[in-house]
Amino acid sequence: MPVEITWWGHATCTVEDSGTRVLTDPLFARRLAHLRRRRGAPPPPEAAVADVALVSHLHADHLHVPSLARLAPGTLLLVPKGAPRQVPGLRRLGHLRLTEVAPGDRTQVGDLVVRTVPARHDGRRLPVGPHRSPALGYVIEGETRTYFAGDTGLFESMAKEVGPVDVALLPVGGWGPYLGEGHLDAGRAAEALAMLQPGSAVPVHYGTYWPIGMDAVRPHEFHTPGEEFVRLAAERAPGVAVHKLGHGESVRPGSAGSRTPLSGPRDAPADLSGDEREGDAR
């Protein structure tokens with residue numbers, strides 16, 4: 001059965017391959033610090049069901065402790081090396097099988113191998129401070145090789161470090177009007193696609209969260225990265241099939257007519273309890 005990918009919004013995806021469910025950067029909150037979910041309601045309970053969850057780096061919109069707490073007991077959780085020291089809340093997640101990983105590590109999960117690869121992004125939990133963990137990407141190797149980039153900028157050795165892949169889940173935007181160093185926008189993501197040359201790609205990390213009170217500030221940075229990535233990918237990597245998903249929508253790359261909406265629009269943002277507002281969202 002081909003790999004099936006569901007995009008829940010931001011960098012949160014479910015990748016089903018070889019009978020194993022992989023969840024990337026789980027973020028189920030309606031509100032996080034100064035960010036509010038502006039498109040698509042938080043993922044439904046079934047989105048938290050996974051055999052393994054992958055955390056790409058320590059920023060709170062990627063390592064969100066309240067969201068991780070919703071995972072079922074016994075779920076394997078892969079986090080960057082040093083994360084428990086920098087994020088004490090991880091120590092409360094005794095129901096999960098937490099494993100620290102670094103670039104070059106390989107983790108067996110059922111019939112899958114999850115290979116940890118480098119990313120070019122600030123790995124600190126806070127915007128200032130001496131403590132660091134590496135920002136990571138992951139390649140999920142089963143019947144299909146799926147690259148989850150996390151947050152990253154372009155780097156010269158990307159294709160070599162990632163290796164041959166069939167599907168790439170690439171960030172194409174962000175949660176604010178400006179992207180800092182160590183990010184891909186739609187243009188740089190299209191360049192990454194040209195370097196990697198997968199068979200298929202799914203744009204992620206856009207069109208979900210936006211700072212409160214900034215609706216009128218460069219709104220195109222919220223609304224257009226997905227479409228812009230589709231357009232630029234067709235120019236720079238014309239051999240790659242790009243699947244732009246809606247929130248809660250799934251695709252089986254390589255299968256004709258495979259796109260399936262798993263849930264209808266649920267666009268009613270609401271505030272949540274204080275613990276879901278904590279943390280640096282960068």
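Guide: Two strands pair if DSSP finds at least two bridges between them, and β11 and β12, joined in the antiparallel sense over 4 bridges, therefore satisfy that criterion. The model is predicted, so its local features need pLDDT of at least 70 and side-chain atom pairs count only at pLDDT 80 or more, whereas totals for chains, interfaces and linings use all residues. Residues are numbered from 1 along each chain as its sequence is written, and side-chain values use heavy atoms, with hydrogens and water left out.

Visitor: What makes β11 a strand?

Guide: Strands are DSSP runs of E with at least two residues, and helices are runs of H or I with at least four, both numbered from the N terminus; β11 covers residues 136-141 and has 6 residues, which passes the strand limit. A hairpin of 3 residues connects β11 to β12, and I140 has T146 as its bridge partner in β12. Strand β10 (residues 112-118) also pairs with β11, in the antiparallel sense over 6 bridges, with V117 and G137 as bridge partners.

Visitor: How do you know that β11 is mostly covered?

Guide: Buried means under 20% relative accessible area, exposed means over 50%, and partly exposed lies in between (1.4 Å probe, protein chains only); 6 of the 6 residues of β11 are buried. L136, Y138 and I140 point one way and G137, V139 and E141 the other way, all of them buried.

Visitor: Why is A50 called buried?

Guide: The relative accessible area of A50 is 13%, which is under the limit of 20%, so A50 is buried. A50 lies in the loop between β5 and β6 (52-54), and its C-alpha atom is 5.6 Å from that of V22, 28 residues apart along the chain. Beyond its neighbours within four places in sequence, A50 is in contact (heavy atoms within 4.5 Å) with R21, L23 and T75.

Visitor: What makes β4 and β15 edge strands?

Guide: The open sheet has 3 strands in the order β4-β5-β15, with antiparallel pairing. β4 (31-32) and β15 (209-211) each have a single partner strand, so one side of each is left without a neighbour in the sheet. β4 meets β5 (residues 35-37) over 2 bridges, with R31 opposite R36.

Visitor: What joins the residues of a nonpolar core?

Guide: A nonpolar core is a set of buried Ala, Val, Leu, Ile, Met, Phe, Trp, Tyr and Cys residues joined through side-chain atoms within 4.5 Å. The largest has 50 residues, and Y147, L170 and F229 have the most contacts inside it; its largest share, 6 residues, comes from α4. A second, separate core of 20 residues includes W8, L23, A47 and L90. Not counting residues up to four places away in sequence, L170 touches residues including Y147, A189, L193 and F229.

Visitor: Which residues cover the two faces of β13 with buried positions?

Guide: On one side of β13 are V167, L169 and P171, on the other A168 and L170, and all are buried. β13 (residues 167-171) pairs with β14 (residues 200-204) in the parallel sense over 5 bridges, where L170 stands opposite P203.

Visitor: How do α4 and α6 cross, and at what angle?

Guide: The axes of α4 (residues 186-196) and α6 (residues 225-236) come within 8 Å and cross at roughly 40°. Residues making this contact include A189, A190 and L193 of α4 and F229 and L232 of α6.

Definitions and conventions. Axes fitted to C-alpha atoms, helices over the stretch in contact; angles between N-to-C directions.
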